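Here are a few exercises to work through at your own pace. Have a look at the chain first, then try each task before reading its solution.

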Amino acid sequence: MSTRVLTDFDLVLPGSLSEALDILAQNGSAVTVVAGGTDILVAMKAGFKADMVMSLTALPDLDYLDYDASSGLRIGANASIAQVVDSADVERHYPALWQAAKIFATPQLRNTATVVGNLLRGSPAGDCCAAVAALGGSLTMASAGSTRELDIDDLWVAYGTTARADNELAVELKIPAPAAGRVSAFKRLTRVNEDLAKLNVAVSLQMDGSTCSDVRLAMGCVAPTMIRLPSAEAVLEGSELNSETLEKAAAAVQEDISPIDDQRSTAEYRRGVAGVYLKRAVEQACSIA
Ligand SMILES: Cc1cc2nc3c(=O)[nH]c(=O)nc-3n(C[C@H](O)[C@H](O)[C@H](O)COP(=O)(O)OP(=O)(O)OC[C@H]3O[C@@H](n4cnc5c(N)ncnc54)[C@H](O)[C@@H]3O)c2cc1C
């Protein structure tokens, strides 16, 4: 049932990370974590029942975005999409993520929504999800008394479901520093900018002249989760990038995707545009006109 009125819930506002982790340790799956709230409040208005809502807004020191040339990019759990757009380091070194943030929704949404929340929502349409899946990286998952690094390739396990345990909080996203010659790009197809994607794609490749290696291609809205494109990656890996290999990679995408009809598009249309968008993203990353 859809409703515009939120049902009653208890709001907890931990003032420290250890307090937040204790709340999760004691209450586990009964706790609904809220960062920017731009996904979860929509879900609650649509009927998702949350009894205990734990907001991260009062947690100090988690709204950072730091770049270091040797260790790479670190994005705290409370860092917003707008902070990504404002970062010259992200624009220069991680174009796929910057481009995904730049076209994200509206200024109000970008000021409120977090990058980590985008990943933890587990939507196959997440724009930062596509970018981070292509760039590679890991999430630091903290629980009372321990932390672990969760590789982005292992994060999404089913539609809307992640590998996060009930007692864990994602505290930081890490993306490695790009080697010289690393290129990346993001592209998205929507009806209007405020809409979620009909299809999105992000690519990241190591270029040595015109030869590609360490190819990472990610596509959204074509499977229950954000996915890598192993068949298309295999075509490009170690290959000379030219119109023939690009066409082959675009054709290979069909083996990797399993799109469905939904309110934003049809499976047939998604199959029709998937290869085209992959090709355009690689061309954009490699500045091929
Ligand atoms: C009008 C509108 C337009 C939108 N446009 C776009 C768009 O263009 N592109 C796009 O990708 N998305 C879009 N979204 C979806 C949403 O804004 C994004 O997914 C956003 O990044 C979610 O971040 P948040 O901080 O608001 O997450 P929240 O809603 O606070 O949380 C999302 C999920 O992640 C979990 N979570 C959040 N932080 C943590 C954490 N640190 N540890 C563990 N779990 C956590 C929450 O429990 C929840 O399940 C749009 C939403 C709306 C309402």
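The exercises below go from domains to ligand shell, helix packing and single residues.

Before you start, note that this is a predicted model, in which local features need pLDDT of at least 70, side-chain atom pairs count only at pLDDT 80 or more, and totals for chains, interfaces and linings use all residues. Residues are numbered from 1 along each chain as its sequence is written.

**Exercise 1. Find the domains and place the ligand among them.**

Step 1: Mark out domain 1 (10-55), domain 2 (65-175) and domain 3 (182-285); such bounds come from an automatic or database domain assignment.

Step 2: Taken over C-alpha atoms, the centres of domain 1 and domain 3 are 34 Å apart.

Step 3: Look at who lines the ligand. Domain 1 and domain 2 both give residues to its shell, so the ligand shell lies between these two domains.

**Exercise 2. Describe the shell around the ligand.**

Step 1: Count a residue as near the ligand if its C-beta atom, placed from the backbone, lies within 6 Å of it. There are 28 residues around the ligand, and Gly36, Thr38, Gly117, Asn118 and Leu120 come nearest.

Step 2: Assign residues to elements, where helices (H or I, at least four residues) and strands (E, at least two) are DSSP runs numbered from the N terminus. At least two shell residues come from each of β2 (31-34), α2 (40-45), α7 (115-121) and β10 (169-175). The most come from α7, which gives five.

Step 3: Sort by class, with Ala, Val, Leu, Ile, Met, Phe, Trp, Tyr, Cys and Pro as nonpolar, Asp, Glu, Lys and Arg as charged, and the others, Gly among them, as polar. The shell then has 15 nonpolar, eight polar and five charged residues.

**Exercise 3. Work out how α5 and α8 pack, and how enclosed α8 is.**

Step 1: Fit the axes as lines to C-alpha atoms over the stretch in contact, with angles running from 0 to 180 degrees between N-to-C directions. Helix α5 (residues 95-102) meets helix α8 (residues 127-135) at about 180 degrees, and their axes are 9 Å apart. That makes α5 roughly antiparallel to α8, a label for angles over 145 degrees.

Step 2: List the contacts, meaning C-beta atoms, placed from the backbone, within 7 Å. From α5 come Ala96, Leu97, Ala100 and Ala101, and α8 contributes residues including Asp127, Cys128 and Leu135. This contact has 10 nonpolar, no polar and one charged residues.

Step 3: Test burial, where a residue with 20 or more other C-beta atoms within 10 Å of its own is buried, one with 12 or fewer is exposed, and one in between is partly exposed. Nine of the nine residues of α8 are buried, so this helix is largely enclosed by the rest of the structure.

Step 4: Check what comes next: glycine 136 follows α8 and has a positive phi, near 80 degrees.

**Exercise 4. Which residues have a positive phi although they are not glycine?**

Step 1: Try aspartate 61, whose phi is about 65 degrees. This aspartate 61 sits in the loop between β3 (52-55) and β4 (65-68), and counts as exposed with 9 C-beta neighbours inside 10 Å.

Step 2: Turn to serine 287, with a phi of about 50 degrees. Serine 287 is in the segment after α11 (267-285), and its 8 C-beta neighbours inside 10 Å make it exposed.

Conventions: Angles under 35 degrees count as roughly parallel, over 145 as roughly antiparallel, 65 to 115 as roughly perpendicular and the rest as oblique. Two residues are in contact if their C-beta atoms, placed from the backbone, lie within 7 Å. A residue is near a molecule or strand if its C-beta atom, placed from the backbone, lies within 6 Å of it.
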